[in-house]
Structure formats: C-alpha cells, structure tokens
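This report describes how the strands, the aromatic rings and the nonpolar residues of one protein model are arranged. Keep the sequence and the structure in view while reading.

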Amino acid sequence: MQRYFVKPTLKTGSQFELDSNVSKHWLQVMRGVPGDQAEFVDGQETLYLGQLNEDHSVTVVKPLANHVELPVKVTILSGLPKQDKAEWIVQKATEMGADTICFFGADWSVAKWQPNKLSKKSDSAAKKLPRALLNRRTGRTFQRYVTLTL
C-alpha cells in the first residue's frame with residue numbers, strides 16, 4: 001500500500017485535499033480511482049488510512065498502529081564527501097532509521113553543500129519504507145553542531 005506524507009493534522013472522518021505532487025503520483029502514476037486506499041502520515045507523525053473520493057479529495061478512514069521507528073534518536077555527523085556520495089549516505093541512513101543527518105565542512109572537504117538535492121533523495125527513500133517521519137538534514141559546521149547538542 002502506498003504511503004504519503006501530508007502537512008495537515010488529520011482526524012478520523014475528516015477530508016483533505018492532496019498537494020500537487022501527491023495527487024499526480026497517486027492519480028496518474030499509480031492510476032488511483034475513487035475507492036482506492038493509501039496510508040497517510042500527517043504533520044504530527046501519526047499514521048492514517050485514507051480513501052480517495054470522486055472529487056479527488058481524501059477521506060480519513062481510521063488511524064493505524066505505527067511502531068516502526070527506532071526507540072532512540074540517531075544522529076549522523078559526516079564531513080562533506082566528494083561527488084554523489086552524500087546522496088548515498090542520506091539514502092542509506094534514512095533506510096536504516098536515522099533521525100538527523102548533519103554534513104559539515106571539514107578541513108579536507110572539497111564538496112559544496114547542496115541541501116535541495118539531498119532533501120529529495122531522503123524523502124524518496126523514506127517513502128519506500130514504513131517510516132512515520134522524514135529525517136532532518138542540516139548543513140552546519142561540526143563545532144556549531146557539537147555546541148548545540150551539549
């Protein structure tokens with residue numbers, strides 16, 4: 001069953017409109033028809049079952065049990081790697097359940113920070129898994145991150 005991440009807070013019985021990306025994917029790529037169901041994770045990281053209506057809105061049918069996240073929050077700190085290795089790190093860390101991924105410019109780093117590219121890779125990896133949250137990516141210096149966490 002498809003899983004989509006939506007911004008509004010959902011409640012059983014409520015209706016909401018799909019954003020353009022989710023709508024295009026569900027209706028055109030997956031060829032969704034009224035009556036089809038999918039899982040939706042709202043802004044509060046709660047999982048719901050939703051059903052597609054005739055007007056292409058979604059009705060929330062019921063909440064679903066969701067116990068797939070790690071019991072601890074995992075943060076990965078990594079120097080900026082060369083080429084597309086940052087995308088690979090983000091994808092694999094997301095698949096393994098990392099909560100936060102922080103890249104920092106180390107003394108020997110030659111790569112430039114590209115947050116949008118990594119954001120897309122992380123979101124697509126999270127959508128393939130039964131996760132209830134999208135991880136966060138940051139581009140701070142190592143010293144700044146350490147002082148924020150202490």
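Which residues does Y4 touch, not counting residues up to four places away in sequence? The model is a predicted one, and in it Y4 touches V22, H25, W26, M30, A38, E39, F40 and V41. One of these, F40, is also the bridge partner of Y4 in β3.

**The sheet**

Y4 belongs to strand β1, residues 3-5, and F40 to strand β3, residues 37-41. Both strands are part of an open sheet of five strands. Read across the sheet, the order is β1-β3-β4-β5-β2, and the pairing is mixed. β1 and β2 stand at the edges, and each has a single partner strand, so one side of each is left without a neighbour in the sheet. From one strand to the next, the twist averages 40°.

Three of the strand pairings are set out below.

| Strands | Sense | Bridges |
|---|---|---|
| β1 and β3 | parallel | three bridges |
| β3 and β4 | antiparallel | five bridges |
| β2 and β5 | antiparallel | three bridges |

Individual residues can be placed within these pairings. A38 has G50 as its bridge partner in β4. Q15 stands opposite T59, which lies in β5. Strands β3 and β4 also form a hairpin, with five residues between them. In the turn of this hairpin, E45 has a positive phi of about 60°. As for exposure, β3 is mostly covered, since four of its five residues are buried.

**The aromatic rings**

A pair of aromatic rings is described by the distance of the centres and the angle of the planes. The structure holds four aromatic pairs. In the pair of Y4 and F40, the ring centres are 5.8 Å apart and the planes are at 35°, so the pair is tilted. An angle under 30 degrees would count as stacked, and one over 60 as edge-to-face. The pair links distant parts of the chain, because Y4 and F40 are 36 residues apart. Both Y4 and F40 are buried. Ring pairs also join Y4, F16, W26 and F40 into a cluster.

**The nonpolar cores**

In soluble globular proteins, nonpolar side chains tend to be buried together. Here the largest nonpolar core has 14 residues. The residues with the most contacts inside this core are Y4, L10, F16, L18, W26, F40 and V58. Which elements give two or more residues to this core? They are α1 (residues 20-29), β3, β4 (residues 47-52) and β5. The largest share comes from α1, with three residues. A second core, separate from this one, has seven residues, among them L80, A86, A93 and A98.

**A residue in a loop**

D99 lies in the loop between α2 (residues 85-96) and β7 (residues 100-104). Is D99 buried or exposed? Its relative accessibility is 13%, and D99 therefore counts as buried, as the cut-off is under 20%. The side chain of D99 makes a polar contact with the side chain of T100, at 3.4 Å.

**Summary**

Y4 appears in several parts of this account. Y4 pairs with F40 across β1 and β3, belongs to the ring cluster, and is among the residues with the most contacts inside the largest nonpolar core.

Notes:
Residues numbered from 1 in each chain as written. Predicted model: local features only at pLDDT ≥ 70, side-chain atom pairs only at ≥ 80, totals over all residues. Heavy atoms only, no water. Phe/Tyr/Trp six-rings, centres within 6.5 Å; stacked < 30°, edge-to-face > 60°. Buried < 20%, exposed > 50% of the residue type's maximum accessible area, 1.4 Å probe, protein only. Polar contact = N/O pair within 3.5 Å; in protein donor to acceptor, adjacent residues only side chain to side chain. Pairing = 2+ DSSP bridges. Axes fitted to C-alpha atoms, helices over the stretch in contact; angles between N-to-C directions. Core = buried A, V, L, I, M, F, W, Y, C linked by side-chain atoms within 4.5 Å. Contact = heavy atoms within 4.5 Å.
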